[in-house]
Amino acid sequence: MDTLSYKTISANKATVDKQWVLVDAEGQTLGRLASKVAKLLRGKHKPSFTPHVDCGDNVIVINSEKINLTGNKWNDKTYIRHTGYPGGQRSLTATEMFGKDPARLVEKSVKGMLPKNKLGATLFRNLNVVVGTAHTHEAQKPTVINLNEFK
């Protein structure tokens with residue numbers, strides 16, 4: 001038996017095949033959209049997935065203002081942050097955050113589904129969320145992915 005033919009190939013920064021992907025968020029549920037986008041960013045849909053390497057795609061999410069939340073989440077879901085000072089806990093509901101910047105709602109939900117380390121911070125930089133359909137990455141010629149057919 002030739003044992004050299006059974007080597008496990010591990011991807012690295014030089015051998016990774018990164019692509020640009022365009023995702024339309026119109027009519028999508030926030031959590032389901034975020035989990036699929038996180039999978040695209042991480043590269044788990046590729047056969048060459050390596051856990052410690054940025055082998056995912058660059059993702060552009062358009063129409064972030066047309067997402068859905070189920071149930072009473074628009075009013076009940078709260079986003080809590082802290083200023084760092086005593087008594088500095090601040091909170092916003094999903095409606096308030098959506099009113100300020102709809103793209104931040106999508107970014108925050110995707111970021112929560114990425115690893116909480118340096119790799120997760122690097123992966124998050126590959127995400128571009130825009131309000132509307134106009135984005136600044138036409139030169140990269142992104143391929144459109146239908147999330148309803150994406151597993």
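**View 1. Contacts of Thr 78 in the predicted model****.** Apart from its neighbours within four places in sequence, Thr 78 touches Leu 92 and Thr 93 in this predicted model. Thr 78 belongs to strand 3, which covers residues 78-82. Its relative accessibility is 44%, so Thr 78 is classed as partly exposed, a class that lies between the limits of 20% for buried and 50% for exposed residues. Ser 109 is 31 residues away from Thr 78 in sequence, and the C-alpha atoms of these two residues are 12 Å apart in space.

**View 2. The open sheet of four strands****.** The four strands are arranged in the order 5-2-1-6, with parallel pairing. Strand 5 (127-129) and strand 6 (143-145) occupy the edges; each has a single partner strand, and therefore one side of each lacks a neighbour in the sheet. From one strand to the next, the twist averages 25 degrees. In general, strands of a sheet pair through backbone hydrogen bonds, in either a parallel or an antiparallel manner.

**View 3. Pairing of strand 1 with strand 2****.** Five bridges join strand 1 (residues 20-24) to strand 2 (residues 58-62) in the parallel sense. Within this pairing, Asp 24 is placed opposite Ile 62 of strand 2.

**View 4. Helix 4 across strand 2 and strand 5****.** Helix 4, comprising residues 102-111, lies across strand 2 and strand 5. The helix runs at about 155 degrees to strand 5, the strand that stands at an edge of the sheet.

Note on methods:
Residues are numbered from 1 along each chain as its sequence is written. This is a predicted model: local features need pLDDT of at least 70, side-chain atom pairs count only at pLDDT 80 or more; totals for chains, interfaces and linings use all residues. Side-chain values use heavy atoms; hydrogens and water are left out. Helices (H or I, at least four residues) and strands (E, at least two) are DSSP runs, numbered from the N terminus. Buried means under 20% relative accessible area, exposed over 50%, partly exposed in between (1.4 Å probe, protein chains only). Contact means heavy atoms within 4.5 Å. Two strands pair if DSSP finds at least two bridges between them. Axes are lines fitted to C-alpha atoms, for helices over the stretch in contact, and angles run from 0 to 180 degrees between N-to-C directions.
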